[in-house]
Amino acid sequence: MIKVILITGRNLEQGTSKSIGKFSKEYMEKLAICELDPEDLKSLGIESGQNIKIKTNYGEVIVKAIESKQAPHKGIAFIPYSIWANLLLGSSTNSSGMPTFKGIEAIIDVAKEGKILDLNELLKEKFEMI
Amino acid sequence: MKTINNVVCSFCGCLCDDIEVGIENNKIVKVKNACSLGISKFLNYDKHRILKPRIRKSNEFINVSLEEAIDECVEILSNASYPIIYGWSNTSNEALRIGVEIAELIGGVIDNTTSVCHGPTIIGVQDIGESTSTLGQVKNRADLIIYWGSNPLHAHPRHLSRYTALSKGRFVKTRKERKVIVVDVRKTATANIADIFIQIKPNSDYELLSALRYAVNNGEIEQDEVAGVPVEKIEELAEMMISCKFGALMFGLGLTMSPGKHRNIEAAIALVTDLNKYTKFVILPMRGHYNVTGANNVTCWITGYPFAVDFSKGYPYYNPGETTIADIIARGECDAALIVASDPISHLPIESAKKLSKIPIITIDPHETPTTKVSKVVIPSSYVGIECEGTAYRMDGVPLRLKKIVDPPDGIVSDEEILKMILSKLRGD
């Protein structure tokens, strides 16, 4: 288990796969991920490509760990903007209008069970209307 | 193959206007000059489309005629006591103009995606003003470029080649004549091509900006480091800023979305204001969606406010933190939503997204998204800049006309036309 600061943000793959379609295979493959520093991967005892569970005060999600190409940034985890990332965010804006999308404390562990939910599964689980 | 030149790309706030598009049998088959984001949009816009208006009845979607869908929208909006009208950064100014009229007529709140993006930027600018310019000025004159909390090589891939480090300006012509500084929490792709990369500790931008202001104003910092950056480095940066001929600070969501929010922006603007005592310096936000700047401009000309405008009192009222979409939804106050060209179910924090999904949502969008899947009414629309015309504002506030280059699918009309039908029916015309 490691403690990290979570940053959500844009990347090229988020932009290109969004245009292909949010229900496309590409979108899930590119976005249900978390970029970690190689040292953090080592601390978790896993290799790039294995599933991890990220937990914050607001929620949790299973995504695929990817070795960051923007290292070193030990203790900082990056996850692209998406519904998977937003499962980890709180609604409060502290009267600013803006929820905190960056700089959130999180705990990451190896996902021993469970799988990465695709968009349809995630919508069914979280939104009763579907 | 028919070739159309000078097409404006409707992906990001750069609004690159030099795209060449090849068309065969009403299909885009070739795209030249665009970045990978633009190419992906031009070549995939026709996938995952919604082709029929639909209404949710007994937990299943029923395809209906456009007229029936409009009637359902009017029913929902007329019966709501505090509706929200949201989205707008991926459509035309003309569509938004109608949206503001609808908000006024039904006494709702009209907000755009700025509110969860560069909302803090606008609040910062309203608090203390800004020294700004167009990107043309930056291209022609800037010899110092700073990207702070922004990774344009991923989010605005042609920003550097068209307007900053790699552009050929009238007075500053080559990369060698420009210095590039990147400040970020990670060594991003943009940081790799910078002259200086400053790796800042997360959530400490305000501290570093304040330290830079102190150094620029000849203060002696009595610390070894601030925000993880050694003081000598801060002093070196301050000197570079003071001694440039024309500096441009471009900032992204690294400043607006982390703790401090609008206070971070105020600190950045104040730094730029201080630098104008010594040299010419401007500050520009890196706006994401292609017409988010237009969403602010249009809302501002009509109501006096750039986002989060509440008409429930019968006149425009603006108070970020109160009239912003994230807060209204989190408080559970809205009882219907009209969403245009946006996907808040994906992009709001989960608890807010769940609350939003429990009220009747009307979504106008060309393609399937998590928001269309939980909506009560879905009306498909055409893509502005591909299947219909429209005006959009570039991130520096320059308006550009977007072209129609192919025909939309049969029966699909623009956001503007759909909104005009809703407005007309609401008025009882």
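These legends describe close-up views of a predicted model, with chain B in focus.

**View 1. Chain B meets chain A.** The contact draws 50 residues from chain B and 44 residues from chain A. On the chain B side, several helices each supply at least two residues. Among them are α1 (36–44), α4 (119–128), α6 (152–155) and α14 (325–330). α15 (344–347) and α17 (370–373) of chain B also belong to this group. Which helix gives the largest share of this side? α16(B) does, with six residues. Find α16(B) at residues 350–357. Sorted by class, the side of chain B that touches chain A has 19 nonpolar, 21 polar and ten charged residues.

**View 2. The three domains of chain B.** Chain B is divided into domain 1 (2–44), domain 2 (54–117 + 290–427) and domain 3 (119–285). Domain 2 is made of two stretches of the chain. Taken over C-alpha atoms, the centres of domain 2 and domain 3 of chain B are separated by 34 Å. How many residues does each of these two domains of chain B bring to their contact? Domain 2 brings twelve residues, and domain 3 brings eight residues. The domain 2 side of this contact has seven nonpolar, four polar and one charged residues.

**View 3. Helix α4 of chain B and its surroundings.** Start with the buried residues of α4(B). They are B:G119, B:P120, B:T121, B:I122, B:I123 and B:G124. What do the buried residues of α4(B) pack against? Their partners in chain B are α11, α12 (262–275), β14 (280–285) and α13 (292–303). Now look just past the helix. There, B:G129 takes a positive phi of about 75 degrees. α4(B) also appears in View 1, as one of the helices on the side that touches chain A.

**View 4. An open sheet in chain B.** Five strands line up in the order β10-β9-β8-β13-β14, with parallel pairing. Why is one side of β10 (196–199) and of β14 in chain B left without a neighbour in the sheet? Both strands stand at the edges, so each has a single partner strand. On average, neighbouring strands are turned by 15 degrees against each other, direction ignored.

**View 5. Strands β13 and β14 of chain B, side by side.** β13 covers residues 246–251 of chain B. It pairs with β14(B) in the parallel sense, over six bridges. Which residue of β14(B) stands opposite B:L249? It is B:I283. β14(B) links this view to View 3, where the buried residues of α4(B) pack against it.

Notes
Residues numbered from 1 in each chain as written. Chains lettered and ligands numbered in written order. Predicted model: local features only at pLDDT ≥ 70, side-chain atom pairs only at ≥ 80, totals over all residues. Contact = placed C-beta atoms within 7 Å. Helix = DSSP H or I, 4+ residues; strand = E, 2+ residues; numbered from the N terminus. Nonpolar A, V, L, I, M, F, W, Y, C, P; charged D, E, K, R; others polar. Buried ≥ 20, exposed ≤ 12 C-beta atoms within 10 Å, placed from the backbone. Domains from an automatic or database assignment. Pairing = 2+ DSSP bridges. Axes fitted to C-alpha atoms, helices over the stretch in contact; angles between N-to-C directions.
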